[in-house]
Amino acid sequence: GWETMTGLTAEGTLGPITSSEPSVGDFLELMKPRVMSLVVFTSLAGLFAAPGALHPVLAVIAILCIAVGAGASGALNMWYDADIDARMARTAARPIPRGRVTADEALAFGSVLSVMSVVTLGVLVNGVAGALLALTFAYYVFFYTMWLKRRTPQNIVIGGAAGSFPPMLGWAAVTGTVTVESVLLFLIIFMWTPPHFWALALYRCRDYERVGVPMLPVVSGADETRRQILLYSLVLVPLAVVPYFIGLGGIAYAIASVALGLIFLHLAFKVWRIREGREADHAAKRLFGFSILYLFILFGVILVEHLALRI
């Protein structure tokens, strides 16, 4: 009856609903467009913050390659994780669990895009940027998705490096090098990732527990997760101010990083302090939501400041 028509299973997740042909939208969804937008944004910040200039056509090619590479990683992540995606409320509506795209189609799509993006970036822009994109892709797909994610509660900490590469990629596209400045931008995202994802894991803990993914709240408990969120936040916030002191960010960045950092710490402290009931979930959701805004604004200010210098 109604459950069959809507695709809902007895567990409350969405069961497979087959369709004749996948649409363009289905393949775009495989590429995780929300994640891809953050990748594009932070890589743009790295590209414009880098010393020197890249021809506008090459700059567009570089950003497109980085975006497509990120999308290819997302597609292969969905291909490999299709079994657990189907059993998690947050991911059950993705194209493969819903039967809108087959696993083989997702594998082929992600594989072709990954090779195209790496080769194009390496040949048309420079070899360092191409090699970094290949490293990012391999790290996310093979090291994180296929190995770390299902084996260790430190999956997000170690695997978070994959999502930290975009500003370094943008920087390398312009300079052909990896410098202290680009490493700093990498480290900011690297330290941001654990409190961001662990806040999500706190209120999605049952999802991860059901499918056997050893996220920190599942393995070590909610209290230890809250403590780790606070500790990482205490490192992240002062680290995020450092770009101002090395000339990577201006006075607007200094003000934004301090103000946003204080809010981040306030929300992280509330997550640590409130441990019971709906208020605890609400605190975790607020930190998760704000953490996205935090990173967008930080890199947005860097981008705007450096754009203003070029005008």
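Arg150 and Asp81 meet through their side chains in a salt bridge, with 2.9 Å from N to O. The model is predicted. Arg150 sits in the loop between α7 (127-148) and α8 (155-159), and Asp81 in the loop between α4 (56-80) and α5, so the bridge ties together parts that are 69 residues apart in sequence.

The two partners differ in cover. Asp81 has a relative accessible area of 0%, so Asp81 is buried. Arg150 reaches 28% relative accessibility and therefore counts as partly exposed.

Arg150 has another acidic partner. Its side chain also meets that of Asp83 in a salt bridge, again with an N to O value of 2.9 Å. This pair links distant parts of the chain: Asp83 belongs to helix α5, Arg150 to the loop between α7 and α8, and 67 residues separate them. Asp83 is partly exposed, at a relative accessible area of 40%.

Which residues are linked with Arg150 in a network of salt bridges? They are Asp81, Asp83 and Lys149.

**A bridge from α2**

Arg100 forms a salt bridge with Glu29, and the closest N and O atoms are 2.7 Å apart. Arg100 lies in the loop between α5 (82-85) and α6 (103-125), while Glu29 lies in helix α2 (residues 24-30), so this pair ties together parts that are 71 residues apart in sequence. Arg100 has a relative accessible area of 21%, which makes it partly exposed. The cut-off matters here: buried means under 20%, so Arg100 at 21% falls outside that class. Glu29 is partly exposed as well, with a relative accessible area of 30%.

How many salt bridges does the rule count? The count comes to nine. The table lists three of them.

| Basic residue | Acidic residue | N to O value |
|---|---|---|
| Arg150 | Asp81 | 2.9 Å |
| Arg150 | Asp83 | 2.9 Å |
| Arg100 | Glu29 | 2.7 Å |

**His306**

His306 is part of helix α17 (residues 277-310). Is His306 buried or exposed? Its relative accessibility is 12%, so His306 counts as buried. Leaving out residues up to four places away in sequence, His306 touches Phe48, Ala49 and Leu248.

**The chain as a whole**

The protein chain has 17 helices and zero strands. Its C-alpha trace spans about 60 × 50 × 30 Å along the principal axes. A compact globule of 311 residues would have a radius of gyration near 19 Å; the chain has 20 Å, which agrees.

Contacts reach far along the sequence. Among contacts with a separation of 6 or more, 74% are between residues 24 or more positions apart. Of the 311 residues, 50% count as buried.

The surface and the charges complete the account. The protein chain exposes about 14,000 Å², and carbon and sulfur atoms supply 68% of that area. There are 22 positive and 19 negative side chains. The centres of these two sets lie 6 Å apart.

Methods:
Residues are numbered from 1 along each chain as its sequence is written. This is a predicted model: local features need pLDDT of at least 70, side-chain atom pairs count only at pLDDT 80 or more; totals for chains, interfaces and linings use all residues. Side-chain values use heavy atoms; hydrogens and water are left out. Helices (H or I, at least four residues) and strands (E, at least two) are DSSP runs, numbered from the N terminus. Buried means under 20% relative accessible area, exposed over 50%, partly exposed in between (1.4 Å probe, protein chains only). Contact means heavy atoms within 4.5 Å. A salt bridge is a side-chain nitrogen of Lys or Arg within 4 Å of a carboxyl oxygen of Asp or Glu. The radius of gyration is taken over C-alpha atoms; the globule rule is 2.2 Å times the number of residues to the power 0.38. Accessible areas come from the Shrake-Rupley method with a 1.4 Å probe; for residues, only the protein chains shown count as cover. Lys and Arg count as positive and Asp and Glu as negative; His and the chain ends are not counted. The place of a charge is taken as NZ of Lys, CZ of Arg, CG of Asp or CD of Glu.
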